Amino acid sequence: MKRTRGEKGRLRGRVPNEKYVAEIRELLGELPRKRDLLIEYLHKIQDKYHCISSYHIQALANEMNLPTTEVYEVATFYHHFDVCKDKLPAPAELTVRVCESLSCEMFGSKKLLSELKSISSESIRIQAVPCVGRCAAAPVAIVGTHPVEEASISDVENAINNNCHEIEVSDYIDYQQYRKLGGYNTLLSCINGERERENVISELENSNLRGLGGAGFPTGRKWRILKNQPSPKLIAINIDEGEPGTFKDRHYLEQDPHRFIEGALIAHWAIGADDIYIYLRDEYAGCRKILENEIKALENDSPYPLPTIHLRRGAGAYICGEESAMIESIEGKRGMPRLRPPYVAEVGLFGKPTLEHNMESLHWVRDVIEKGADWFTTQGKNGRKGLRSFSVSGRVNKPGVHLAPAGITITELIDEYCGGMLAGHKFYGYFPGGASSGMLPASLGNIPLDFDTLQEHGSFIGSAAIIVMSNHDSARELALNAMRFFEHESCGQCTPCRVGTAKAVKLMCKKKWDMPLLEELATVMEDASICGLGQAAPNPLRNAIKYFPEEFK
């Protein structure tokens, strides 16, 4: 087969350009050329040059002794990497990202995007993006890394003109303050032998604390499984909360970051683990600054010999909220879910048994150990046990993170915590667990919100991302918004999800929905998709048809 030759007769892609090799070597310096750091190094290129050229891909592949195709596949998998072909201009130096997910669409993101086209130029790029985790302040624009909440075109223009392009970190409980408030004393009581591993794990089992990223697997049981696995073992903490409507992890990170770090170190002690990996979504630039500073402060003044804590940066892929996809990403690969079994508790990160946790689950560990299991279990309501952090957005007076008893109903949550509905808005429906949970009508507003209470209605609590709809909203349009999100975020690994979401969007864009065909498509997606993305994607369309039939007449 004839092979195309580049300038001077060289086979393109075979010999990297020395100029770009020198740039990559200068950029990486003395950093190790480890395979699992590939995504971190792609971030370095993107941050410096505002794109990743094919020449830099060739040079990086050469430097890391990897196939060029493998580096290219990883770079093009993630939304936050701008891979530029030869001789094409790089993207604008400044990118303004406008969220177009559920809550932001409800509050006018389409209009904002349309208006912002007037300021688009060679130096400013306007980009529509999925949820950025600031749903309580919709609509949201991100200028560089600087968030503009409840944004208008004038707000965005002011941020651009005043050079507000980087996020500013607000006050939070830093390491010294945390220690003064008794922080790490519980960890030290474990390390010093004042507490037994078995007692700590039993306390967590008795507390009914569950995984708060969405799956709800009991925390104590997970620790016991990992404790019994052979060493070496690892811990992987998932802070890639990309579910539209969810922002609780960011809320806690921006207030009290060491609380979850202490929980992680207690888990490390309890199961006899080695290293700890923290995977943080790239949209949380402020949280990244906080964690970089506070991990360093902890390491410089540690109360005991610490394990190595690795902070890894996501790159814009919702699928990496799935535990095995996150592990693939930490390993420097495309974030594609693994087939199971084996489970990550047995064969996880780098092939080792891995305790995978959502950040908020670890946030509560210290309190449960200090105050006892009964403290947590007596917090419930309507026959349920524990506390839940509800990320509430939509048509309420007081959106935000509300810590409330597990089992509270949506009507109680709106009235008692959210200050009621906005003036002129009547409660119409709600997403109880973000886009993937589908929507429920106001007539089902008295169901206890907790794990295992919503399944019979075709929904679930998930990460407790509550999006409140009013009579000013359309369930049909929001279902389409959710399906577009799933189409955009499908990793493409399995046909039912990759093709199913795309076909569903086309069918849902029609004036009249072909309901039998959509149901057939939904069944295939639910039954045959590899992971929860494709399995849950049909929920919004099914629930819109089932619970809001008047919109389809």
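This tour goes through a predicted model, one selection at a time.

**The main core**

Start with Leu 60, Tyr 78, Trp 223, Ile 237, Phe 260 and Phe 390. They belong to the largest nonpolar core, which has 148 residues, and they touch the most other members. Next, select helix α13, residues 257-271; with nine residues, this helix gives the most to the core.

Now centre the view on Leu 60 and show what surrounds it. Setting aside neighbours within four places in sequence, Leu 60 is in contact with Ile 24, Leu 28, Leu 38, Tyr 41, Leu 42, Ile 45 and Val 71.

Another core, of 16 residues, lies apart from the largest one; Val 96, Leu 112, Ile 126 and Val 143 are among its members.

**Gly 144**

Select Gly 144, in the loop between β5 (141-143) and β6 (146-148). Not counting residues up to four places away in sequence, Gly 144 touches Leu 94, Thr 95, Arg 97 and His 165. For a sense of scale, add Ile 309: its C-alpha is 28 Å from that of Gly 144, and the two are 165 residues apart in sequence.

**A five-stranded sheet**

Turn to the open sheet with the strand order β12-β11-β15-β13-β14, where the pairing is mixed. At its edges are β12 (400-405) and β14, each pairing on one side only. Inside the sheet, pick β13, residues 427-431, together with β15: the two pair in the antiparallel sense over four bridges. Show the side chains of Tyr 430 and Val 468; Tyr 430 stands opposite Val 468, which is in β15.

**Salt bridges**

The structure holds 37 salt bridges. Select Asp 256 and Arg 259, whose closest N and O atoms are 2.8 Å apart. Asp 256 counts as buried at 10% relative accessibility, and Arg 259 also counts as buried, at 16%.

Arg 384 and Asp 450 form another salt bridge, with 2.8 Å between the closest N and O atoms. Arg 384 is in the loop between α18 (373-377) and β11 (387-394), and Asp 450 is in the loop between β14 (440-441) and β15 (465-470), so this pair ties together parts that are 66 residues apart in sequence. Arg 384 is partly exposed at 26% relative accessibility, whereas Asp 450 is buried at 6%.

To see a network, select Asp 47, Asp 282, Arg 288 and Arg 313, which are joined by salt bridges that share partners.

Then go to Arg 281, which is buried, with a relative accessible area of 4%. Arg 281 forms a salt bridge with Glu 283, the closest N and O atoms being 3.1 Å apart. Glu 283 is partly exposed at 27%. Keep Arg 281 selected and add Tyr 284: the arginine lies over the face of this ring, 5.2 Å from the ring centre. A second case is Arg 395, over the face of Phe 107 at 4.7 Å from the ring centre.

**Aromatic pairs**

The last stop concerns rings, of which the structure has 15 aromatic pairs. Select Tyr 175 and Tyr 184: their ring centres are 6.0 Å apart and their planes stand at 50°, so the pair is tilted. Tyr 175 is buried at 1% relative accessible area, and Tyr 184 is buried at 0%.

Trp 364 and Trp 375 form a tilted pair as well, with 6.4 Å from centre to centre and 45° between the planes. Trp 364 sits in the loop between α16 (359-363) and α17 (365-371), and Trp 375 in helix α18, so parts eleven residues apart in sequence are tied together. Finally, add Tyr 252 and Phe 376, which form one aromatic cluster with Trp 364 and Trp 375.

Notes
Residues are numbered from 1 along each chain as its sequence is written. This is a predicted model: local features need pLDDT of at least 70, side-chain atom pairs count only at pLDDT 80 or more; totals for chains, interfaces and linings use all residues. Side-chain values use heavy atoms; hydrogens and water are left out. A salt bridge is a side-chain nitrogen of Lys or Arg within 4 Å of a carboxyl oxygen of Asp or Glu. Buried means under 20% relative accessible area, exposed over 50%, partly exposed in between (1.4 Å probe, protein chains only). Two strands pair if DSSP finds at least two bridges between them. A nonpolar core is a set of buried Ala, Val, Leu, Ile, Met, Phe, Trp, Tyr and Cys residues joined through side-chain atoms within 4.5 Å. Contact means heavy atoms within 4.5 Å. Rings of Phe, Tyr and Trp (its six-membered ring) pair if their centres lie within 6.5 Å; planes under 30 degrees apart count as stacked, over 60 as edge-to-face and the rest as tilted. A charge sits over a ring if NZ of Lys or CZ of Arg is within 6 Å of the ring centre and within 35 degrees of the ring normal.
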